[in-house]
Number of protein chains: 2
Amino acid sequence: MSNYHAPLDDMAFLVDEVLAAGDTLGQLPRFADLGVGPELTAAVLGEGAKFAGDVLAPLRRVGDQQPATCADGAVTISPGYADAMRQLAAGGWFGIAASADHGGQGLPELYGTAACEMWNAADMAFALAPFLSSGAALAIESHGTEAQKAQYLEKLHTGEWTGTMNLTESGAGSDLGVLKTRAEPQGDHYLIRGQKIYITWGDHDATDNIIHLVLAKLPDAPEGSRGISLFIVPKFLLDENGAPGKRNDVYPVSCEHKLGIHGSPTCVMAFGDNEGAVGYLLGEENQGLACMFTMMNEARLKVGLQGLGAAEGAYQKAVAYARERVQGGVAIIQHADVKRMLLTMRSLNEAMRALAYSEAVTMDIARYGPESERTAQQARIDLMIPVIKGWMTEVGQELTSLGVQVHGGMGYVEETGAAQYLRDVRITSIYEGTNGIQAGDLLGRKLVRDGGGAMESVHDAIAATQKELADAGLDVLAAALAEALADHVQSTQNLLALHGDSPESAQGLAFDYMMQTGYLFGGWQLFRGALVAAARMNDGVDNPFYARKVATARYYAQFILPRCRAAAGAIAGAADALVSYREDWL
Amino acid sequence: MSNYHAPLDDMAFLVDEVLAAGDTLGQLPRFADLGVGPELTAAVLGEGAKFAGDVLAPLRRVGDQQPATCADGAVTISPGYADAMRQLAAGGWFGIAASADHGGQGLPELYGTAACEMWNAADMAFALAPFLSSGAALAIESHGTEAQKAQYLEKLHTGEWTGTMNLTESGAGSDLGVLKTRAEPQGDHYLIRGQKIYITWGDHDATDNIIHLVLAKLPDAPEGSRGISLFIVPKFLLDENGAPGKRNDVYPVSCEHKLGIHGSPTCVMAFGDNEGAVGYLLGEENQGLACMFTMMNEARLKVGLQGLGAAEGAYQKAVAYARERVQGGVAIIQHADVKRMLLTMRSLNEAMRALAYSEAVTMDIARYGPESERTAQQARIDLMIPVIKGWMTEVGQELTSLGVQVHGGMGYVEETGAAQYLRDVRITSIYEGTNGIQAGDLLGRKLVRDGGGAMESVHDAIAATQKELADAGLDVLAAALAEALADHVQSTQNLLALHGDSPESAQGLAFDYMMQTGYLFGGWQLFRGALVAAARMNDGVDNPFYARKVATARYYAQFILPRCRAAAGAIAGAADALVSYREDWL
């Protein structure tokens with residue numbers, strides 16, 4: 001069994017050298033007192049790596065083989081998980097990027113992003129608990145009254161309690177407008193009644209309380225998505241001291257038997273089957289969906305990181321196996337095709353990491369940067385998020401599958417643990433908005449709605465990097481990026497034009513466009529790292545780490561970036577075959 | 001639960017109209033008395049479809065949820081499997097394409113191919129039993145003495161017994177030269193001692209006997225792959241009447257706990273742990289690997305068909321769900337991105353089927369056609385096999401994953417049965433020669449070794465089809481095929497040149513080339529069908545089936561064929577990044 005070791009050198013290189021967090025974030029008022037810079041990076045990521053490697057990684061197989069179970073209205077989680085949860089809380093990781101006003105650490109999202117990658121690489125099923133919890137906390141921080149913040153935030157940020165998101169119902173998935181859960185006013189609170197499905201970490205026995213955020217409809221609410229409100233429904237109602245008191249009428253009915261993430265209890269949740277579940281309105285009436293949207297970018301960034309995390313875990317396992325396994329007299333890592341698979345994994349992982357971390361910085365600046373920059377940075381992050389979520393989770397599937405492939409027959413045997421990465425990551429293309437929805441969001445809301453303005457800004461930034469690459473003599477990278485950029489500019493124009501003529505035709509190409517965009521953006525950010533590395537080498541720094549950075553980017557340029565051409569070709573065809581195909585022919 | 005219905009109209013269209021089996025195969029002496037033609041097609045495939053849909057398909061979930069188990073040296077298979085095996089035998093399906101001299105049906109491989117697709121679409125785990133059995137029978141037919149043929153063939157062809165292939169050992173997978181199983185001469189037989197792993201259907205309780213074919217080394221055999229011999233090792237030794245008698249010293253030790261194909265017992269097999277397992281030499285001493293190679297093409301074609309079968313099963317399930325599931329007020333089949341996924345599945349399934357069936361005909365002609373044609377047809381099938389195995393199993397993974405995606409969250413819940421297709425098919429890229437080995441075979445043995453001659457013949461055939469498409473006014477198809485062909489000719493020349501300079505660089509691109517080849521070949525054969533359909537429409541035949549054929553090909557031309565550009569781009573770069581990357585950097 002190989003273990004997970006967080007790639008600290010790659011992470012620190014990105015944070016400190018490429019993204020220069022000390023300069024870009026360290027100056028912002030929110031972070032000014034933290035001393036953002038290499039020392040902080042080493043301290044934070046080093047601690048995270050220890051927890052991920054020593055505590056979480058050994059639990060990955062445990063959670064898979066001894067899943068959470070549900071019986072008699074309560075979930076029992078996998079052995080070892082409760083203790084790990086306490087350690088995660090003790091380390092202050094639940095609220096790493098949350099405001100220090102309410103028990104958070106107040107670090108930049110960039111550090112939260114690196115930590116999130118580690119937890120997901122070590123054990124994705126476990127990592128979902130702090131993931132959902134911080135989403136619930138962010139919603140309360142953004143929309144709660146001062147009283148609500150005082151009641152719930154510190155407990156969530158310190159990990160003393162966890163939080164959940166209750167959206168989906170059996171008839172309401174991607175379309176939440178038709179949900180059936182009802183909220184009836186009852187003095188200062190509401191009584192919630194209905195059933196929710198796919199509730200991640202919906203119940204467990206690791207913390208004293210669970211704060212459920214629940215979408216429901218008020219009586220006489222408008223039809224559809226404009227008639228949905230958001231409620232805080234604690235598992236235990238708080239007593240006058242703010243401590244968990246009376247048991248609320250919300251219970252897990254069952255846990256799903258899933259393809260993967262077995263350690264994460266995915267619950268059917270019953271609200272108000274008895275006296276009614278007590279809930280408190282969060283934010284305005286009928287503004288529930290809008291409230292959910294405020295935390296969507298963070299959530300989708302994290303799902304993208306799950307794609308990366310699983311792929312990094314799978315990569316490390318595959319490399320270790322390929323060094324050990326001898327066939328034909330040599331370790332299989334020397335076989336050209338095995339090396340291809342490993343380099344595909346490594347270069348795409350580095351590209352995904354570079355993109356995600358870069359956009360965590362964008363997110364930080366959009367929120368805490370100078371007022372003058374916020375609008376543009378918000379437009380950029382809004383554009384980036386569907387790409388990060390969609391592309392990184394698709395790539396995560398490919399790479400975890402390659403991890404199985406490197407193991408040969410051993411990869412197909414569950415005992416090996418390689419297949420688990422593939423099973424676990426498969427959900428990431430589906431939840432938090434399917435990748436089809438991400439593609440539609442990228443095309444419709446992020447591209448067409450502003451006439452391609454935000455995308456043009458990114459194109460300009462890529463062109464600037466391309467020029468730097470050429471100036472630095474990194475010709476292979478410069479040429480590959482130039483071609484991929486030109487193709488993407490063309491695809492963008494084609495799609496904008498096509499969307500005017502036939503929106504459905506454009507929508508049928510949106511997924512391809514999302515993938516083309518991801519490969520381009522990932523390559524761009526990876527090549528920014530190669531620029532920094534090449535500059536260090538030019539400065540005479542003698543560290544093979546930098547040579548490796550350039551070599552990895554070179555592989556990406558030659559083997560991965562050409563994938564952009566596939567999508568570009570389909571989009572250039574302004575294809576009519578999808579729209580004209582009769583549905584009854586399927 | 002949706003059921004599997006064999007796509008009889010698509011299959012018959014291919015067999016009778018596109019491949020014109022009555023003309024191409026019906027005239028050959030081997031098949032002359034069978035009356036090959038639409039009536040035979042309808043009868044054979046109709047019966048197969050009934051068995052697949054009514055008997056096998058309902059067992060798919062049973063085998064998955066109640067896997068075969070191994071205890072006390074014996075395997076108990078999943079409920080219902082033994083009865084299904086008897087029905088399969090009673091239908092004559094085990095020996096469908098085997099010589100009538102020894103109890104086979106003597107039908108063309110083309111019909112066996114269609115049947116194989118059906119079994120795998122209905123239940124891949126079950127389908128492995130007749131698959132392995134026919135492989136063992138073919139080896140005995142090709143290399144056995146008359147006495148051996150008389151002893152074993154009829155029982156295998158009628159399905160009274162099954163057969164297995166015992167190759168892999170824990171240290172010997174892709175490299176069989178290092179295997180450790182030993183065979184010691186003992187009068188008219190040998191005593192076999194050793195342990196084999198990953199033995200598909202290695203033991204079971206559904207038939208009276210199991211005929212194991214086992215690779216082992218004789219004392220003083222040459223080193224490596226030239227020192228391997230093949231042995232017949234029956235589970236029960238035959239008595240003087242040829243009936244199963246004394247129990248032989250071969251036992252299953254355990255069954256693997258696998259990602260998928262749970263219904264197929266994958267055994268660790270112990271040979272000769274006690275008195276030694278009695279084995280009989282099959283073929284010449286030290287020629288075991290050569291013997292295995294004679295059935296490799298059939299086996300790899302069938303693994304390709306597993307990719308198609310699983311993808312067709314997944315497609316049917318996904319379409320049924322997409323018609324039912326309403327979101328946003330309409331069935332999701334009307335969402336552009338869902339339609340894209342379903343059309344990707346459908347068009348690629350049709351392309352895979354067209355390619356596989358076409359090459360089943362090539363295989364029939366190479367074996368039973370006019371002497372003058374056999375060499376060329378054999379060269380063609382040798383070229384095609386790694387593409388069919390590698391490309392179709394890779395595509396099978398993509399499409400079964402799309403099947404999950406269409407189901408959204410429901411796809412991730414095992415109860416739905418969509419994820420099983422993905423889990424089951426994942427093995428097909430690994431066994432019977434990993435896809436990396438297929439890619440290397442295509443590049444090294446099939447392309448470089450004859451200087452691209454066999455490939456050039458196929459290029460000529462594609463160019464001829466392209467001209468027909470242009471003449472028929474199918475401009476979109478003609479243009480797309482012309483571009484994909486030109487790209488492929490270029491890739492082929494690039495790779496041949498690169499292989500001369502740097503074989504390892506070429507090997508690092510072999511996988512991409514295999515995929516590029518598959519997309520081209522599949523499109524070519526799919527478009528041949530569109531030509532036939534267009535001609536029928538021109539003849540005034542009023543059948544929407546033909547319009548659908550053209551529309552499906554059109555989708556493939558616009559959305560799928562552009563994928564060729566990705567590989568072409570990587571290959572054109574004559575990439576050096578893989579070779580120059582240091583292994584210790586991985």
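Over residues 165-271 of chain A, the predicted model shows a chain that is 48% strand and 0% helix, and the C-alpha atoms at the two ends of this span are 13 Å apart. These residues are covered by the UniProt annotation "domain: Acyl-CoA oxidase/dehydrogenase middle", which comes from an unreviewed entry.

Two further spans of chain A carry annotations from UniProt, and their secondary structure is given here in the same terms. Residues 286-441 of chain A are listed, again in an unreviewed entry, as "domain: Acyl-CoA dehydrogenase/oxidase C-terminal"; this span is 79% helix and 3% strand, with its end C-alpha atoms 23 Å apart. For residues 464-579 of chain A, the unreviewed entry gives "domain: Acetyl-CoA dehydrogenase-like C-terminal", and in the model the span is 85% helix and 0% strand, while its end C-alpha atoms lie 38 Å apart.

Aromatic side chains were also examined, and over all chains the structure holds 28 aromatic pairs. One of these is formed by A:Phe527 and A:Tyr556, whose rings are arranged edge-to-face, with 6.2 Å from centre to centre and 90° between the planes. This pair links distant parts of the chain, since A:Phe527 belongs to helix 18 (residues 510-538) of chain A and A:Tyr556 to helix 19 (residues 544-560) of chain A, the two residues being 29 residues apart.

The interface of the two chains was considered next. In the model, 84 residues of chain A are in contact with 84 residues of chain B, and the area buried between the two chains is about 7,200 Å², with carbon and sulfur atoms giving 59% of that area. Polar contacts are found across the interface as well, in 50 residue pairs for which both residues have a pLDDT of 80 or more. On the side of chain B that touches chain A, the element that gives the most is helix 18 (residues 544-560) of chain B, with 9 residues. Sorted by class, this side of chain B has 36 nonpolar, 25 polar and 23 charged residues.

Salt bridges across the interface of chain B and chain A number 2 by the rule applied. In one salt bridge, the side chain of A:Arg554 meets the side chain of B:Asp576, with a distance of 2.9 Å from N to O, which lies within the 4 Å allowed for such a pair of atoms.

Key:
Residues numbered from 1 in each chain as written. Chains lettered and ligands numbered in written order. Predicted model: local features only at pLDDT ≥ 70, side-chain atom pairs only at ≥ 80, totals over all residues. Heavy atoms only, no water. UniProt positions renumbered as here; feature names shortened; annotations may be inferred. Helix = DSSP H or I, 4+ residues; strand = E, 2+ residues; numbered from the N terminus. Contact = heavy atoms within 4.5 Å. Buried area = accessible area lost by both parts, 1.4 Å probe. Polar contact = N/O pair within 3.5 Å; in protein donor to acceptor, adjacent residues only side chain to side chain. Nonpolar A, V, L, I, M, F, W, Y, C, P; charged D, E, K, R; others polar. Phe/Tyr/Trp six-rings, centres within 6.5 Å; stacked < 30°, edge-to-face > 60°.
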